[in-house]
Amino acid sequence: MSQDVLLEIGTEEIPAAFLPKALQDMDDMIRRDLAALRIPHGPVKTMGTPRRLCLHVADVASMQEDQIIEKMGPAKRVAYDENGQPTKAAVGFAKGQGVDIADIQTMTTDKGEYICVRKKITGEATKTLLPALFTTFIGALSFRKSMRWSGYEFRFARPIHW
C-alpha cells in the first residue's frame with residue numbers, strides 16, 4: 001500500500017531569487033534520502049512561493065524495503081579444522097554477528113572460499129521514519145543567506161512559522 005506525502009514549510013517572506021535553487025535542492029535531496037532509506041516512491045513535485053515551500057511525493061510505500069546484508073568472515077580453511085568442526089575463528093565470527101554457528105554459510109570468491117552470514121533486515125514503517133527524515137531534510141536546505149532567530153541555533157532563509 002502507498003500514500004502521497006506532502007511537506008509544507010510556512011515562512012516569512014523568502015527572497016524570490018532563492019526559490020529556484022531551493023526547489024531543485026528539495027527535489028534532489030528527497031530522492032536521495034528516500035533511496036538511502038530504501039523507501040520506494042512515485043513522482044516528486046516541488047512548489048514554492050515566497051512564504052511557502054511545498055514538497056509532494058506520490059505513492060510513497062508504507063514500509064521500507066527489506067534488506068539482505070552479507071558479512072564476510074575468515075577463510076573456510078581457517079574457520080573449520082580438518083574434521084569439519086568450527087574453530088574459534090568461526091565461533092567468534094558467528095558470535096560477533098549475533099547468529100548461531102549453524103547459520104554460517106560458505107561463499108566462493110576470487111580469493112577462495114570464505115564463511116559468511118546473510119542477515120535479512122525487515123523494513124520499518126515509513127510513518128516512523130518520516131519525522132526524523134523531514135527534520136534533517138529541512139535543516140539541510142541551504143540558501144545564499146540564512147538567518148537564526150529567537151535564540152535558536154537552527155538556520156533557514158527566513159523564520160519558519162509552520
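Helices here are DSSP runs of H or I, at least four residues long, numbered from the N terminus. Keep in mind that this is a predicted model.

With that in hand, look at helix 4: Phe134 and Phe137 both sit in it, 3 residues apart, or about one turn of the helix. The structure holds 5 aromatic pairs, and Phe134 with Phe137 is one of them, edge-to-face with 6.2 Å centre to centre and 75° between the planes. Buried means under 20% relative accessible area, so Phe134 at 13% makes the cut, and Phe137 is buried too, at 0%.

Now step past helix 4. Phe143 and Phe156 make another edge-to-face pair, this one at 4.9 Å centre to centre and 70° between the planes. Both rings lie in the segment after helix 4, so the pair ties together parts that are 13 residues apart in sequence. Phe143 is buried at 13% relative accessible area, and Phe156 is buried at 0%. These two also belong to one aromatic cluster, together with Phe18, Trp149 and Phe154.

Let's go back to helix 1, residues 19-36. Its 18 residues should span 26 Å at 1.5 Å a residue, and the end C-alpha atoms are 25 Å apart, which agrees. Plenty to look at along this helix: the buried residues include Leu19, Leu23, Met26, Ile30 and Leu34, and also Asp25, Asp27 and Asp33. What covers them? The cover for the buried residues of helix 1 includes strand 2 (44-49), strand 3 (52-61) and helix 4 (126-140). Just after helix 1, Arg38 takes a positive phi of about 60°.

Notes
Residues are numbered from 1 along each chain as its sequence is written. This is a predicted model: local features need pLDDT of at least 70, side-chain atom pairs count only at pLDDT 80 or more; totals for chains, interfaces and linings use all residues. Side-chain values use heavy atoms; hydrogens and water are left out. Helices (H or I, at least four residues) and strands (E, at least two) are DSSP runs, numbered from the N terminus. The expected span of a helix is 1.5 Å times one less than its number of residues. Buried means under 20% relative accessible area, exposed over 50%, partly exposed in between (1.4 Å probe, protein chains only). Contact means heavy atoms within 4.5 Å. Rings of Phe, Tyr and Trp (its six-membered ring) pair if their centres lie within 6.5 Å; planes under 30 degrees apart count as stacked, over 60 as edge-to-face and the rest as tilted.
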